[in-house]
Amino acid sequence: MTHIAIDIGASSGRFVMGTLQNDQLQIEEMHRFSNGFTEVDGRSLWNMDHLLKEILVGLEKVKKRGFHNVTVGIDTWAVDYVLVSEDGERLQEAYCYRDRRTTNTMGKIESHLPLEDIYLKTGIQLQHFNTLYQLYEEDQKLLQQTKYVLLIPDYLAYRLTGVAVLEMTNASTMQLLNPKNRNFDENLLKIIGLEKSQFAPFIEPGQVIGELKRDQFPTYDLPECEFVAVASHDTASAIAGTPGGDGQWAYLSSGTWSLLGVEKKEPIINLQAYQDNYTNEWGVSNTYRFLKNIMGMWILQEIIRHYPGQYSVEHVIKEAATVSPYLQYINFNEERFLNPLNMIEEIKQYCQETEQPIPHTIGELTACVFSNLSIIYAIEMERLEAITHEPIDKLHIVGGGSKNDLLNQLTANLSGVTIYTGPSEATAIGNLLVQMIAQGTLKSIAEGRELVQSSFTIQKFEPHVVDAKEIINNFTAVTTKERWRV
């Protein structure tokens with residue numbers, strides 16, 4: 001059976017075909033397209049019609065390659081949604097989580113319910129762009145016209161199959177679900193003015209959504225497709241595709257965001273986790289992804305976008321390797337770096353404010369980013385061990401950032417932990433594994449991870465001796481002085 005993973009991130013999307021050949025998982029990229037939000041009248045919006053069109057173009061390519069019957073799974077980023085009317089129409093374009101409308105919303109919500117109580121109800125980290133806060137800022141007239149609030153991958157599947165569902169791993173990121181009963185919290189729904197009935201029925205990863213309605217798209221020559229609910233939050237798919245095995249291992253899904261955490265059978269919801277802003281997102285096979293959301297390659301992407309000239313990621317990593325690390329200390333989790341007008345100028349302004357050397361060249365800027373990300377990763381690994389009361393003996397880095405050997409080595413050095421990197425396509429692979437489990441080709445995610453381990457090259461980074469304590473103390477001194485917290 002041929003499986004197609006549609007993996008859509010904040011900057012691009014791709015089709016990855018997966019087949020099992022000679023007990024090896026073979027993958028091939030079949031279609032790639034751009035994505036990104038646009039600024040319209042001061043609002044940051046996604047283009048859903050563009051994404052739908054690219055999915056249809058990709059499926060047409062699949063059939064032209066001779067694959068007439070496939071399963072398909074869609075994963076995307078989390079928290080963002082589409083409002084769908086009674087007649088199935090989109091009520092407005094989808095807001096991007098980087099939109100500034102929710103900058104002060106947590107303070108408004110706190111007037112209804114303390115933030116600590118919200119965390120203890122949901123186990124989800126407090127981020128001002130969570131679906132809870134976005135929906136609070138919605139036009140109440142639109143909400144009254146809404147039949148379903150659908151998260152992005154669920155909306156795309158709905159447009160293609162006509163079946164409305166709410167996939168559980170992604171739904172958990174909304175900060176509206178209670179893990180104790182695995183259902184909506186009525187108090188939180190009341191605060192945002194919605195009813196439980198305005199959300200589609202839940203579906204678990206591995207369940208079938210429905211068949212592609214090919215007759216709805218007569219201008220495209222499409223294959224027969226069975227859409228399967230995968231772990232539709234891309235991080236959940238990435239962790240499913242992480243080849244963790246024995247021992248106490250942590251994961252770092254390194255892409256636009258850096259998601260650092262451990263996989264648990266039960267959520268960890270206590271005051272320490274709340275104070276350190278760790279989240280308990282739901283994973284495949286009734287697991288929980290206990291993790292910290294950290295700024296990631298978005299910063300690098302923005303530097304490359306604004307720096308004069310055209311540079312590839314590979315080139316800037318080489319340039320960064322020629323620069324001494326740890327010349328500046330910056331907490332890139334600070335709000336000012338979420339969506340500045342110009343990332344380069346924001347970094348320079350911060351360094352000027354804190355009387356640190358100002359980076360100018362592309363190598364200096366990216367070395368600054370990699371240095372500070374490695375510090376943040378090391379700090380969070382210590383916090384993970386403290387909260388879980390379990391030592392971490394290895395870290396698996398997956399996603400596009402796993403190919404950044406410079407950052408991988410810096411992270412190994414500061415954390416003192418052996419790092420294993422790859423596969424870079426873990427998100428698409430996790431998507432494919434869930435489809436294969438749904439078809440009975442694989443029995444479990446554990447079996448799937450063994451398949452990943454044997455099918456792809458995994459690179460190893462051993463720590464080098466550095467004065468990690470001094471580097472982390474210097475970082476803490478600067479960021480604490482500025483009242484910033486990782």
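**Exercise 1. The surroundings of V72**

Task: Determine which residues V72 is in contact with, leaving aside its neighbours within four places in sequence, and state whether V72 is buried or exposed in this predicted model.

Solution.
1. Once the neighbours within four places in sequence are set aside, V72 is in contact with I4, I6, L59, C225, E226, F227, V228 and Q435.
2. V72 belongs to strand β6, which spans residues 69-75.
3. The relative accessible area of V72 is 0%. Buried means under 20%, so V72 is buried.
4. A further relation concerns V208: its C-alpha atom is separated from that of V72 by 9.8 Å, although the two residues are 136 residues apart along the chain.

**Exercise 2. The annotated domains**

Task: State which spans UniProt assigns to the N-terminal and C-terminal FGGY carbohydrate kinase domains, and give the helix and strand content of each span.

Solution.
1. The UniProt record, an unreviewed entry, places "domain: Carbohydrate kinase FGGY N-terminal" at residues 4-240.
2. That span is 30% helix and 28% strand, and its end C-alpha atoms lie 16 Å apart.
3. In the unreviewed UniProt entry, "domain: Carbohydrate kinase FGGY C-terminal" covers residues 250-438.
4. Residues 250-438 are 45% helix and 18% strand, with 26 Å between the end C-alpha atoms.

**Exercise 3. The sheet containing β16**

Task: Give the strand order of the open sheet formed by 7 strands, and describe how β16 pairs with β15 and with β18.

Solution.
1. The order is β17-β18-β16-β15-β19-β20-β21, and the pairing is mixed.
2. The edge strands, each pairing on one side only, are β17 (279-282) and β21 (459-461). On average, and with direction ignored, neighbouring strands of this sheet are turned by 30° against each other.
3. At one end of the order, β17 pairs with β18 in the antiparallel sense over 4 bridges. Within this pair, N280 has F290 of β18 as its bridge partner.
4. Strands β16 and β18 (residues 288-295) run antiparallel and are joined by 8 bridges; W257 is bridged to M295 in β18.
5. Strand β15 (residues 249-254) is antiparallel to β16, with 4 bridges between them. S253 has L259 of β16 as its bridge partner, and a hairpin of 2 residues connects the two strands.
6. Of the 8 residues of β16 (residues 257-264), 7 are buried, so the strand is largely enclosed by the rest of the structure.

**Exercise 4. Two packings of helix α11**

Task: Classify the orientation of α11 relative to α14 and relative to α13, and identify the residues that meet in each case.

Solution.
1. Two packed helices are described by the angle between their axes and the distance between the axes.
2. For α11 (residues 298-306) and α14 (residues 362-388), the angle is about 170° and the axes are 10 Å apart. Angles over 145 degrees count as roughly antiparallel, so α11 is roughly antiparallel to α14.
3. Here I299, L300 and I303 of α11 meet I362, L365, T366, V369 and F370 of α14. This contact has 7 nonpolar residues, 1 polar residue and no charged residues.
4. The axes of α11 and α13 (residues 343-353) cross at roughly 105° and come within 8 Å. The interval from 65 to 115 degrees counts as roughly perpendicular, and α11 and α13 are therefore roughly perpendicular to each other.
5. W298, I299, E302, I303 and H306 of α11 make this contact with M343, I344 and I347 of α13. By class, the residues of the contact are 6 nonpolar, 1 polar and 1 charged.

Key:
Residues numbered from 1 in each chain as written. Predicted model: local features only at pLDDT ≥ 70, side-chain atom pairs only at ≥ 80, totals over all residues. Heavy atoms only, no water. Axes fitted to C-alpha atoms, helices over the stretch in contact; angles between N-to-C directions. Parallel < 35°, antiparallel > 145°, perpendicular 65-115°, else oblique. Contact = heavy atoms within 4.5 Å. Nonpolar A, V, L, I, M, F, W, Y, C, P; charged D, E, K, R; others polar. Buried < 20%, exposed > 50% of the residue type's maximum accessible area, 1.4 Å probe, protein only. Pairing = 2+ DSSP bridges. UniProt positions renumbered as here; feature names shortened; annotations may be inferred.
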